[in-house]
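Work through the exercises below with the sequence and the coordinates open. Each task is followed by a solution in steps.

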Number of protein chains: 2
Amino acid sequence: MTSRKTRSDGERSREAILDAAAQLATVEGLDGLSLGRLAEVSGMSKSGVFGLFGSKEELQLATIDKARHVFINEVIGPALKALPGRDQLLALCLEYLDHVERRVFPGGCFFASVASEVSNRPGPVRDRVADEQRQWTSLLTENAKQAIEAGELPTDTDPEQLTLELSTMLTGADIAYLLHEDPTILQAIRATIRTRLGL
Amino acid sequence: MTSRKTRSDGERSREAILDAAAQLATVEGLDGLSLGRLAEVSGMSKSGVFGLFGSKEELQLATIDKARHVFINEVIGPALKALPGRDQLLALCLEYLDHVERRVFPGGCFFASVASEVSNRPGPVRDRVADEQRQWTSLLTENAKQAIEAGELPTDTDPEQLTLELSTMLTGADIAYLLHEDPTILQAIRATIRTRLGL
DNA sequence: CCTTAGTCCGCACGATCGTGCGAAGTCATT
DNA sequence: AATGACTTCGCACGATCGTGCGGACTAAGG
């Protein structure tokens, strides 16, 4: 009666654990994510948590996937309501900064938080993070291209270069904001981006 | 005969250990810096290393200090040879990107690598990293101000805003470069910065 | 009803972590 | 020569880590 081990409870437990994992990983790091700690906050036993994933690497990969969904829901989704082109490009940047300030993850942007940790250790985990980053930047690039075609940006603009400029400023702003706990940093970056896009 | 425990050997050992520590910290993180690992690579015993610092936190603080000196030697020093103002501002940015590409630290910029790790854990370590960051950005700001005064940049330029724009792009570029192992990222950012400074 | 698959737990393992203690050795000062 | 400051070591501690095994329980399919 204290426990109800139905079949679909596995999936539900997984999801609950991954929720906590995505939060924790932005604070303790993907490597600092410990089975014991996760068991504590989720009210399960250590071996119970472990059994659900099979290995720590699987847990990390699943956590990245969970974070991806959160990112899509909190950042990309809202931004897609803007019209493709310059508006959507701006919306993506602003929603990104908002989700950092809103502390969707306690440690700011999940992928920025995790990137510097995994970038020096080859393997599936690092590859997954890099892929996620690529998807994000190519979404920016696509909008940049459309903006140029639509004449919303100068025709001599290089969309890849603009994307790089924006994306590096975003992750840089995330890190600086978290380190100094200074919201004016985000404000300043918002202004800079608007200017950069000719607004 | 196998050991020579003279008085100044303490300082020498400290320095040797900190050399390794600064390198290791950019790969394993400041927290992943373990006494045991440090003892291995430095050929000392674990308790020997421990005794030299007294606590892990002291080790971390000393490591940050060591990294600061390396950063001054490898980045700031060379850049100071340029004339204050726009030239030195550009030189600081380029030397920063160079030291990342040159792998002065295996994990790229020490402070970027460490910032996202410590930004969520209050304490002396985080404060030290934040201070270091502030010194770096105020060096940029000073040069920006001089550049504006000298008419090398538009008079309506906000030096703080320009500094933030540059510094976030630099750390963002560092992270993106490491994650994707793509040197063209650094090249593109170099070009962007030159353009931004009107060169 | 019985089997099977799935969920979760208790327990234990070897490894590694930071830390402390006591001893042995070396130098500088008395 | 004796003393004290310092460096380094071996050893051991409790804690926590990822991982594995066996078992208790539940729900579904024959």
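**Exercise 1. A core residue**

Which residues does B:Phe110 touch, not counting residues up to four places away in sequence?

Solution. The model is a predicted one. Step 1: leave out the residues up to four places from B:Phe110 in sequence. Step 2: list what B:Phe110 still touches, namely B:Ala22, B:Ala25, B:Thr26, B:Ala67, B:Phe71 and B:Phe105. Step 3: place B:Phe110 in the wider picture. The largest nonpolar core has 110 residues, and B:Phe110 is among those with the most contacts inside it, together with A:Cys93, A:Phe110 and B:Cys93. As background, nonpolar side chains tend to be buried together in soluble globular proteins.

**Exercise 2. The make-up of chain A**

Describe chain A by its elements, its extent and its contacts.

Solution. Step 1: count the elements; chain A has nine helices and zero strands. Read along the sequence, the pattern is therefore α-α-α-α-α-α-α-α-α. Step 2: take the extent of the C-alpha trace, which spans about 65 × 35 × 35 Å along its principal axes. Step 3: look at burial; 42% of the 199 residues of chain A count as buried. Step 4: consider the contacts in chain A with a separation of 6 or more; residues 24 or more positions apart account for 64% of them.

**Exercise 3. Helix α8 of chain A**

Check the span of helix α8 of chain A against its number of residues, then decide whether the helix is largely enclosed.

Solution. Step 1: the helix covers residues 159–180, which is 22 residues. Step 2: the expected span is 1.5 Å times one less than the number of residues, and this gives 32 Å. Step 3: the end C-alpha atoms of α8(A) are 31 Å apart, which agrees with the expected span. Step 4: 18 of the 22 residues are buried, so α8(A) is largely enclosed by the rest of the structure.

**Exercise 4. Positive phi in chain A**

Where in chain A do A:Arg103 and A:Glu181 lie, and are they buried or exposed?

Solution. Step 1: recall the background that most residues other than glycine have a negative phi. Step 2: A:Arg103 is not a glycine, yet its phi is positive, at about 60 degrees. A:Arg103 sits in the loop between α5 (86–101) and α6 (110–118) of chain A. Step 3: A:Glu181, also not a glycine, has a positive phi of about 50 degrees. A:Glu181 comes just after α8(A), in the loop between α8 and α9 of chain A. Step 4: the cut-off for an exposed residue is 12 or fewer other C-beta atoms within 10 Å. A:Arg103 has 12 and is therefore exposed; A:Glu181 has 10 and is exposed too.

**Exercise 5. Where the chains meet**

How many residues does each chain give to the contact, and which element of chain B gives the most?

Solution. Step 1: the contact takes 32 residues from chain B and 32 residues from chain A. Step 2: on the side of chain B, the elements that give two or more residues are α1 (9–32), α6 (110–118), α7 (124–149), α8 (159–180) and α9 (183–196). Step 3: α8(B) gives the most, with 14 residues. Step 4: by class, this side of chain B has 16 nonpolar, 14 polar and two charged residues.

Now take one helix pair across the contact. Helix α9 (residues 183–196) of chain A packs on α8(B) at an angle of about 90 degrees, with the axes 10 Å apart. The two helices are therefore roughly perpendicular. A:Ile185, A:Ala188, A:Ile189 and A:Thr192 meet B:Gln161, B:Leu164, B:Glu165 and B:Thr168. This contact has four nonpolar, three polar and one charged residues.

**Exercise 6. A helix pair within chain B**

How do α5(B) and α9(B) cross, and where does B:Ile193 fit in?

Solution. Step 1: the axes of α5(B) (residues 86–101) and α9(B) come within 11 Å and cross at roughly 180 degrees. That makes the pair roughly antiparallel. Step 2: the residues of this contact divide into nine nonpolar, no polar and three charged. Step 3: B:Ile193 is in helix α9 of chain B and is buried, with 22 other C-beta atoms within 10 Å. Step 4: leaving aside neighbours within four places in sequence, B:Ile193 is in contact with B:Leu90, B:Cys93, B:Leu166 and B:Met169.

Note on methods: Residues numbered from 1 in each chain as written. Chains lettered and ligands numbered in written order. Predicted model: local features only at pLDDT ≥ 70, side-chain atom pairs only at ≥ 80, totals over all residues. Helix = DSSP H or I, 4+ residues; strand = E, 2+ residues; numbered from the N terminus. Buried ≥ 20, exposed ≤ 12 C-beta atoms within 10 Å, placed from the backbone. Contact = placed C-beta atoms within 7 Å. Nonpolar A, V, L, I, M, F, W, Y, C, P; charged D, E, K, R; others polar. Core = buried A, V, L, I, M, F, W, Y, C linked by C-beta atoms within 7 Å. Axes fitted to C-alpha atoms, helices over the stretch in contact; angles between N-to-C directions. Parallel < 35°, antiparallel > 145°, perpendicular 65-115°, else oblique.
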